[in-house]
Amino acid sequence: MFSDESRFSLQSDSRRTFIWRAPGTRYHQENTIERHRYGGAGWLVWGGIILGSRTDLHVQSVKMTGHIYRDVILEQHVRLFRGAMGAKFLFMDDNARPHRANIVDECLQSEDITRMD
């Protein structure tokens, strides 16, 4: 199972413009890059895919923490797919800080879920 999440901001950034330039090219349009800083309200959307199937999308308005990742994502979604797949199940997530919390590692071990390196 491959899983990932994305955060979507409901507000724009601080309206600052960042310029990345070589000396002598100040304010040329091709050097201007708009960046969003994800300040304020937003939504986090998580989903997983596996062998022609997928999880429901999980949408939340709070910040992802190790506890939320364990209680909501692993317990309510990943564990069910692990049960359906059996011993061949392999779980893949990224190195986001909540994914690497000790409580997440403990949960994966207790549920006999193998995580891809």
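In the predicted model, Arg79 has a relative accessibility of 34% and is therefore classed as partly exposed. The side chain of Arg79 forms a salt bridge with that of Glu75, with an N to O distance of 3.2 Å. Glu75 is likewise partly exposed, its relative accessible area being 25%. Both residues belong to helix H1, and because Arg79 and Glu75 are 4 residues apart there, about one helical turn separates them.

Glu75 also takes part in the packing of helix H1 against helix H2. The axes of H1, which spans residues 66-85, and H2, which spans residues 102-110, come within 8 Å and cross at roughly 25°. Because this angle lies under 35 degrees, H1 is roughly parallel to H2. The crossing of the two helices is right-handed. On the H1 side, the contact is made by Gly66, His67, Tyr69, Arg70, Leu74 and Glu75, which meet Ile103, Val104, Cys107 and Leu108 of H2. By residue class, the contact of H1 with H2 comprises 6 nonpolar, 2 polar and 2 charged residues.

Across the whole structure, the search yields 6 salt bridges. Side chains of opposite charge can pair when their charged atoms come close. Besides the pair within H1, two of the salt bridges involve Arg115. In one, the side chain of Arg115 meets that of Asp93, at 3.4 Å from N to O. Asp93 is located in the loop between strand E7 (90-91) and H2, whereas Arg115 is in strand E8 (residues 114-115), so this salt bridge ties together parts of the chain that are 22 residues apart in sequence. Asp93 has a relative accessible area of 8% and is buried. Arg115 is also counted as buried, because its relative accessibility of 19% falls under the 20% limit.

In the other, Arg115 pairs with Asp105, the closest N and O atoms lying 3.0 Å apart. This salt bridge connects distant parts of the chain, since Asp105 is in helix H2 and Arg115 in strand E8, 10 residues apart. With a relative accessibility of 28%, Asp105 is partly exposed. Through shared partners, salt bridges join Asp93, Arg100, Asp105 and Arg115 into one network.

Note on methods. Residues are numbered from 1 along each chain as its sequence is written. This is a predicted model: local features need pLDDT of at least 70, side-chain atom pairs count only at pLDDT 80 or more; totals for chains, interfaces and linings use all residues. Side-chain values use heavy atoms; hydrogens and water are left out. Axes are lines fitted to C-alpha atoms, for helices over the stretch in contact, and angles run from 0 to 180 degrees between N-to-C directions. Angles under 35 degrees count as roughly parallel, over 145 as roughly antiparallel, 65 to 115 as roughly perpendicular and the rest as oblique. A crossing is left-handed if the near helix is turned anticlockwise from the far one by less than a right angle, and right-handed if clockwise. Contact means heavy atoms within 4.5 Å. Ala, Val, Leu, Ile, Met, Phe, Trp, Tyr, Cys and Pro count as nonpolar, Asp, Glu, Lys and Arg as charged, and the others, Gly among them, as polar. A salt bridge is a side-chain nitrogen of Lys or Arg within 4 Å of a carboxyl oxygen of Asp or Glu. Buried means under 20% relative accessible area, exposed over 50%, partly exposed in between (1.4 Å probe, protein chains only).
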